[in-house]
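Here are a few notes for when you have the model open. Could you go through them with the viewer beside you?

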Amino acid sequence: MTAAYDDRDGKIWMNGELVDWRDANVHILSHAMHYASSVFEGERCYDGKIFKSHEHSLRLIESGRLLDMPIPYTADEIDAAKEAVLKANGFENAYVRVVAWRGSGLDMGVSAARNPVCMAVAAWEWGSYYGDAKWQGAKLDVAKWKRPSPETIPTAAKAAGLYMICTMSKHAAEAKGCSDALFMDWEGYVAEATGANIFFVKDGEIHTPLADRFLNGITRQTVIQMLKDKGFTVHERRILPEELSGFSECWLTGTAAEVTPVGQIGDWNFEVGQITRDVAESYEALVRA
């Protein structure tokens with residue numbers, strides 16, 4: 001049985017120092033606990049090297065800026081903290097989680113300008129995010145919730161508060177025997193899954209929702225460039241749900257998801273075809289290059 005995440009051996013980096021895993025705690029009156037003032041990054045280390053580590057560190061800083069929560073570390077310092085955690089725990093292949101949040105301080109209302117911004121880095125060994133579904137083709141539900149308008153929240157930030165409807169939607173999907181859920185945006189266009197971007201294939205060309213109203217994933221950007229390098233035409237555009245019946249293949253991308261084939265979304269079915277398999281294999285080779 002897997003140990004609970006608060007009861008493990010190892011080290012976690014917190015605010016500049018490595019502490020014992022079980023001692024990596026925060027006060028109950030931390031602002032983030034009450035008002036979701038938190039941003040994070042998920043990264044994977046392959047054979048001793050974190051894939052696109054610096055890009056993730058830069059995005060964490062940008063997420064903090066968008067939430068008016070200046071991260072008190074440079075990207076280079078964040079990179080070094082991640083490396084220190086991997087070394088301290090002896091990991092060569094692991095998932096790395098960096099999180100920054102408004103801690104406890106002089107403020108305990110909506111305003112938190114006088115509270116310090118804290119940061120922690122943890123890592124653990126983690127297999128396929130979707131388990132066996134990664135190879136068989138994941139089954140997705142269609143979420144009843146929709147991704148919010150960029151006028152309601154900075155959707156370009158990887159902010160903890162944006163994931164509340166993801167948790168709710170994934171729970172509902174799992175209750176139906178699905179691995180994940182697909183969101184539409186507030187205008188009814190196809191958006192993304194709860195923690196991954198989505199791609200489709202039609203007549204040998206690739207279609208993916210335009211990422212200007214949800215997080216433009218680093219894995220998404222990597223896969224788009226990979227596809228273009230292979231000579232594929234990639235359309236980044238608004239996609240209506242009724243178009244899904246015309247797509248032959250589908251996959252998800254994300255740091256945790258990597259490249260995961262999709263076999264079904266609601267009543268729509270897809271084959272785990274050659275293009276999907278090629279992208280998954282090429283991505284696997286790239287992250288370990």
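Before the points, a word on naming: helices and strands here are DSSP runs, numbered from the N terminus, with at least four residues for a helix (H or I) and at least two for a strand (E). Keep in mind too that this is a predicted model.

1. Start with the loop between β3 (38–46) and β4 (49–50), which is where Asp47 sits. Asp47 isn't a glycine, yet it has a positive phi of about 50°. As for its surroundings, Asp47 counts as partly exposed because its relative accessibility is 46%, and that class runs between the 20% and 50% cut-offs.

2. Next, have a look at Glu258, which belongs to strand β14 (residues 258–265). Here again phi is positive in a residue other than glycine, with a value near 55° for Glu258. Is Glu258 buried or exposed? Glu258 counts as buried, because its relative accessibility is 9% and the buried class means under 20%.

3. Now over to helix α2 (residues 53–66), the home of Ser57. With just 1% relative accessibility, Ser57 goes down as buried.

4. Staying with Ser57, what does its side chain make a polar contact with? The partner is the side chain of Asp79, at 2.6 Å. Asp79 also turns up among the residues that Ser57 touches, along with Ala75, Ile78 and Lys82, once residues up to four places away in sequence are left out.

How values were computed. Residues are numbered from 1 along each chain as its sequence is written. This is a predicted model: local features need pLDDT of at least 70, side-chain atom pairs count only at pLDDT 80 or more; totals for chains, interfaces and linings use all residues. Side-chain values use heavy atoms; hydrogens and water are left out. Buried means under 20% relative accessible area, exposed over 50%, partly exposed in between (1.4 Å probe, protein chains only). A polar contact is a pair of N or O atoms within 3.5 Å; within protein, one must be able to donate a hydrogen and the other to accept it, and residues adjacent in sequence count only if both atoms are side-chain atoms. Contact means heavy atoms within 4.5 Å.
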